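Please look over the fold shown below with a computational chemist's eye. The questions and answers after it go from the whole chain to single residues.

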Amino acid sequence: MTTRHEHWIQGKAVPPANGAYLPTLDPATREAGDEIAAGTSADVDHAVASAAAAQPAWAAASGAERSAVLHRVADAIEADAETLMELERACTGKIPAQLRSELDMSAGYFRYYAGILRTHHGRTIDLGHDNHTYTRLEPYGVVAAITPWNLPLNQACRALAPALAVGNAVVAKPSELTSASTVRLARLATEAGLPDGLLNVVTGTGPEVGSPLASHPVVRRIMFTGSVATGRALGHIAADRLIPMTLELGGKSPLVVFADADLDRAVGAAVTAIAMNSGQVCSATTRLLVEASAHDEVVARVADAVGRLEPGVDFGPIITEAQFHSVLGHFAAAEAEGAVPVTGGSGYADGPGAKGLYVRPTVYAGVRPDLRIAREEVFGPVMVTMPFADEADALAIANDTEYGLVAGVWSGDVARGLRLAERIDAGQVAVNGGALTIETPFGGFKQSGYGREKGIEALHDYAQVKTISLSIR
Ligand code: ADP
């Protein structure tokens, strides 16, 4: 019997107002999975009303009180890890290591923002003895969080933890492809003591749920992670309503490797960029720029390593049939423009890879920077490589993109690595494999979006600053 996942509103499971459900798919087997509630604006209205009713008392609680609840939510995620990972696996086909790392980060977001609440407050502003002047971080009220399918629970927690921490109530709209883990999270949060109505999940499609949610007059802020096209559509709604939003969009991020770098580690970083979540990561560094003298060697090593990766073991499938064909369409366009992959460039004709929506890890070497495959986000296990002559050339190619999400630089000369990092137009740059964690702010330059997630910056994004000044003359 098919399992059905209902909405989660006002601390309980709520069937969809119209009684309709949507199917899901396991892309590792192409078999049908659970069903999710097909929400409509009636469900959105119900969830927003619940959020609005619950929010003032939550905002009035002390940071320490909210912190205690968020810690219990983190505990609950960890205790429920096996179920959450199975729900996630069933609709994404992710491999176990990927599931585990996303699960750990999901709990980590709640832990991190719970910690910040005990130490981070507004500030006092010294205007002399005649005044007492201070700022407060005040919540917006009801926040909408619209999230995609590539890292479902992780992306939900990345938004929900800081939004709730600062005293907002949330209505979450996960991707209709991958909703079950977010619904489960809301149940866990309720059971862990998060007051009813503070975290509601309405599942369904973008037009049926996401759009009415963003347009709802009581929603005061939007957090969106997804495609540029949908981000732009939601941006219009936010502009009309004069409400702020965070936009976490796409990328075509550079990985710059100088000949004197630790090439073993740099090759490892390139292989990870291709394999991790099958390249379905907005921050994947999918343009490999290598100093000309080392280009062919590095490319050969990357191609050899990714050619040995096994579908279902080292990397997962593409999320949907449509996205699978979109990736293959990129291959066809590259071929029409004269580009030939050094490895990959197709799906699997037989073996375990043919059973699911798996694409062979693919490398196009020495591509012209004007080709579509070199400019557009593919969202598959696909990398393009380009040689560069020197530091200035590397910088020019790295910045020759409409995106600016992340970058990686590998250099034996650390000063040169940092010089480049400071000049690349991107929200995050890792030099020689520097760590990027929950503590490090994440977000885009250029078409990759605006606003910041993670770090203390995200807490500020979900708060509005109020200044209060008292004359004490
Ligand atoms: P992707 O192409 O990566 O699936 P989308 O931007 O289409 O990215 O989807 C990201 C999220 O945005 C999903 O939750 C999806 O349902 C939602 N969404 C899609 N279209 C709209 C829309 N017109 N309005 C609001 N939300 C939408």
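Q: What share of the contacts with a separation of 6 or more in the protein comes from residues 24 or more positions apart?
A: This is a predicted model, in which local features need pLDDT of at least 70 and side-chain atom pairs count only at pLDDT 80 or more, while totals for chains, interfaces and linings use all residues. Residues are numbered from 1 along each chain as its sequence is written, and side-chain values use heavy atoms, with hydrogens and water left out. With contact meaning heavy atoms within 4.5 Å, the share that falls to residues 24 or more positions apart is 73%.

Q: Why does the radius of gyration of the protein agree with that of a compact globule?
A: The radius is taken over C-alpha atoms, and the globule rule is 2.2 Å times the number of residues to the power 0.38. For 473 residues the rule gives a value near 23 Å, and the two agree because the protein itself has 23 Å.

Q: What percentage of the 473 residues counts as buried?
A: Buried means under 20% relative accessible area, exposed means over 50%, and partly exposed lies in between, with a 1.4 Å probe and protein chains only. By that cut-off, the buried percentage of the 473 residues is 56%.

Q: Which strands stand at the edges of the open sheet with the order 6-7-22?
A: Strands here are DSSP runs of E with at least two residues, helices are runs of H or I with at least four, and both are numbered from the N terminus; two strands pair if DSSP finds at least two bridges between them. The three strands of this sheet pair in the antiparallel sense. Each edge strand has a single partner strand, so one side of each is left without a neighbour in the sheet, and these are strand 6 (124-125) and strand 22 (463-471).

Q: Which residue is the bridge partner of Arg-136 in strand 22?
A: Strand 7 and strand 22 are joined in the antiparallel sense over nine bridges. In strand 22, the residue bridged to Arg-136 is Lys-466.

Q: How far apart in space are Thr-135 and Thr-467, C-alpha to C-alpha?
A: Thr-135 belongs to strand 7 (residues 131-139) and counts as buried because its relative accessibility is 12%. Leaving aside residues up to four places away in sequence, Thr-135 touches several residues, including Val-465, Lys-466 and Thr-467. Although 332 residues separate Thr-135 from Thr-467 in sequence, their C-alpha distance is 4.3 Å.

Q: Which backbone oxygen does the side chain of Thr-203 reach at 2.6 Å?
A: Thr-203 lies in the loop between strand 10 (199-201) and helix 7 (206-215), and it is buried because its relative accessible area is 0%. Among the residues that Thr-203 touches, not counting those up to four places away in sequence, are His-7, Ile-36, Pro-174 and Val-209. The backbone oxygen reached by the Thr-203 side chain is that of Ala-37.

Q: Which residue stands opposite His-5 in strand 5?
A: Three strands form an open sheet of mixed pairing in the order 1-5-4, with strand 1 (4-5) and strand 4 (21-26) at its edges. Strand 1 and strand 5 (residues 31-37) pair in the parallel sense over two bridges. Opposite His-5, strand 5 places Ile-36.

Q: Which residue of strand 14 stands opposite Val-256?
A: Strand 13 (residues 254-257) is covered on both faces, with Pro-254 and Val-256 buried on one side and Leu-255 and Val-257 buried on the other. Four bridges join strand 13 to strand 14 (residues 287-291), and the two run parallel. The strand 14 residue opposite Val-256 is Leu-289.

Conventions:
Polar contact = N/O pair within 3.5 Å; in protein donor to acceptor, adjacent residues only side chain to side chain.
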